[in-house]
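I opened this notebook to keep track of what I looked up in one structure. The entries follow the order in which I went through it.

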Amino acid sequence: MPLLPESFTTLVRRGAREPFVVQTVRATVAATLAYAVATRLSSEPAPLTAPLTALLVVQVTVYSTLKTSIRRVNSVVVGVLIAIGFSAVVGLSWWSLGMIILASLVIGRFVRVEEFVQEVAISAMLILGVTKLASQAWDRVLETMIGAAVGLLFNLLFAPPVWVDTAGESIEDLARRARHLLVDIAEELGRPIPVARAAERLHEARRLDHAIAEVDAALRQAEDSLRFNPRISEGLLSRLVLRTGLDTLEICVVVIRVLARSLTDLAKRRGPGERLFPPDVAVALEELLEHVGGAMVGFAVLITTQVSRNAEEAEERLTAELAAAWACRENVAQLLLRQVQEHPEAWQLHGSMLAEVDRILDELDLEHRSRRLMEELDRASVANRERFTRLAGLRRFVRGERSPGRRRAPAAAERPAARAGR
């Protein structure tokens, strides 16, 4: 008996970290509750549409649950209406079945049910083949609405986890991979590097681009988990902090790829056994790239650190790394200038390397970061204002009221007419 609570606690702790475990438990419970409710409200002996809908509706986040519920109910209702329309004209035959599938798939694209386009055709086919059309059709709609409602209420009452920490770990892992690549590149600058070895580093930089897509998927899940979540009071700010931070790191990764390309071209210019840079320049560049990599990691830690944690420490670390990087950059610039004066044939590659380092440091700058974040906040505020204005206009239209601007216009037009009458 003592093993049961321990096993259950272990499962819960794992569920807090593993999306698969959380989603499995939530979907199972929601589908079971939906079936229990449907057996009491539906006349069908086995209302399996309700648990099926709940299974599809209960997603990882509240936002995706609401979005999926609307699309699912919409697809079933449209399919039922199509089946009722066809049944009034033709019966079930091979050609009528083909026609209803074609019509359902086409109409499903227009009503924007997204991934539930096939559900429109499935609902229409199932309803067209039954004998008691009216009762079967509306029972299917009722079961779908029950499943969607249960799934949505389940997520509202038992709010799903927020995946911000998971997205933060992905962002930090991306920054550490970028730093590791910069350190590996820096360690080889003072040694003879075959072109194949330099090209391998370029391929590693390109693989970081593919890693950005994975981080972006984790961040989109985190953004969805913040929308309409009762646990979160400042979801907009958290979303913008992570999104703008990932955009900055994506720019840095692109610049690293360009830097690796420049070093590959430089390796092609060197002869066999010839170093890329003299020892003093290589040491300075190694120190510079190490500080640039450290600044990227510090930036990632800063944007993923909550206020309750030690965000000031992360900011101080980033500031120190940036200051050290800029100091090293000035030293490298002087060394490269002397190198170019002695060997002017590679001045373009040397200059491009400095420009690429400058771009990364500018992107990671705290003032640049704050300015960009404020711009995104202003843009989001304007978008929210416009959305609320449209909703207010729609509410007045439904109530039959005129907008304030339209009420004032006749009053202004009547005053000249009144003066003319006098």
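**Entry 1: the cavity**

I began with the lining of the largest cavity and found that its largest share, 3 residues, comes from H10. The model I am reading is a predicted one. I then looked up how many cavities of 30 Å³ or more the structure holds, and the count is 1. The space inside the largest cavity is about 80 Å³. Two elements, H9 and helix H10 (235-269), each give two or more residues to the lining of this largest cavity.

I wrote down the lining of the largest cavity by name: Ile185, Glu188, Leu189, Ile193, Ala198, Arg201, Ala260, Leu263, Thr264 and Leu276. How do these lining residues divide into nonpolar, polar and charged? I noted 7 nonpolar, 1 polar and 2 charged. As a reminder to myself, rolling a probe the size of a water molecule over the atoms shows where empty space is left.

**Entry 2: Arg201**

I picked Arg201 next, as one of the residues that line the largest cavity. I located Arg201 in helix H9, which covers residues 195-226. Is Arg201 buried or exposed? Its relative accessible area is 9%, and buried means under 20%, so I list Arg201 as buried.

I looked up the polar contacts of its side chain and found one with the side chain of Glu204, at 3.0 Å. I then set aside the neighbours within four places in sequence and asked which residues Arg201 is in contact with. They are Leu181, Asp184, Ile185, Glu188 and Ala260. Ile185, Glu188 and Ala260 also appear in the lining of the largest cavity.

**Entry 3: Asp209**

I stayed in helix H9, where Asp209 lies. Asp209 has a relative accessible area of 23%, so I entered it as partly exposed. What does Asp209 touch once neighbours within four places in sequence are left aside? I found contacts with Val253, Val254 and Arg257.

I followed Val253 further. Asp209 and Val253 are 44 residues apart in sequence, and their C-alpha atoms are 7.0 Å apart in space.

**Entry 4: cysteines**

I searched the whole structure for disulfides and the result was 0. For the record, a disulfide is a covalent bond between the sulfur atoms of two cysteines. I still checked the burial of two cysteines. Cys252 has a relative accessible area of 1%, so it is buried. Cys328 stands at 9% relative accessibility and therefore counts as buried.

**Entry 5: the chain as a whole**

I stepped back to the protein chain. How many helices and strands does its secondary structure come to? I noted 15 helices and 0 strands. The chain has 422 residues, of which 42% count as buried. I also looked up the contacts with a separation of 6 or more, and 77% of them are between residues 24 or more positions apart.

**Entry 6: pairs separated along the chain**

I took three more residues and looked up one C-alpha distance for each.

Thr24 is in helix H2, residues 19-41. At 36% relative accessibility, Thr24 counts as partly exposed. I paired Thr24 with Leu55, 31 residues away along the chain, and the C-alpha separation is 9.6 Å.

Ile84 is in helix H4, residues 62-87. Its relative accessible area is 27%, so I entered Ile84 as partly exposed. Ile84 and Ile127 are 43 residues apart along the chain, with 7.9 Å between their C-alpha atoms.

Met374 is in helix H14, residues 366-399. I noted Met374 as partly exposed, with a relative accessible area of 47%. From Met374 to Leu240 there are 134 residues along the chain, and their C-alpha atoms are separated by 9.6 Å.

**Entry 7: Thr304**

My last stop was Thr304, in helix H11, residues 279-304. Is Thr304 buried or exposed? At 8% relative accessibility, Thr304 counts as buried. Which backbone oxygen lies 2.8 Å from a polar atom of the Thr304 side chain? I found that this oxygen belongs to Ala300.

Key
Residues numbered from 1 in each chain as written. Predicted model: local features only at pLDDT ≥ 70, side-chain atom pairs only at ≥ 80, totals over all residues. Heavy atoms only, no water. Helix = DSSP H or I, 4+ residues; strand = E, 2+ residues; numbered from the N terminus. Buried < 20%, exposed > 50% of the residue type's maximum accessible area, 1.4 Å probe, protein only. Polar contact = N/O pair within 3.5 Å; in protein donor to acceptor, adjacent residues only side chain to side chain. Contact = heavy atoms within 4.5 Å. 1 Å grid on protein atoms, 1.4 Å probe; cavity = no way out; pocket = protein on both sides within 12 Å on 5 of 7 lines; lining within 4 Å. Points joined across faces, edges and corners; volume = space filled by probe spheres on them. Nonpolar A, V, L, I, M, F, W, Y, C, P; charged D, E, K, R; others polar. Disulfide = S-S within 2.5 Å.
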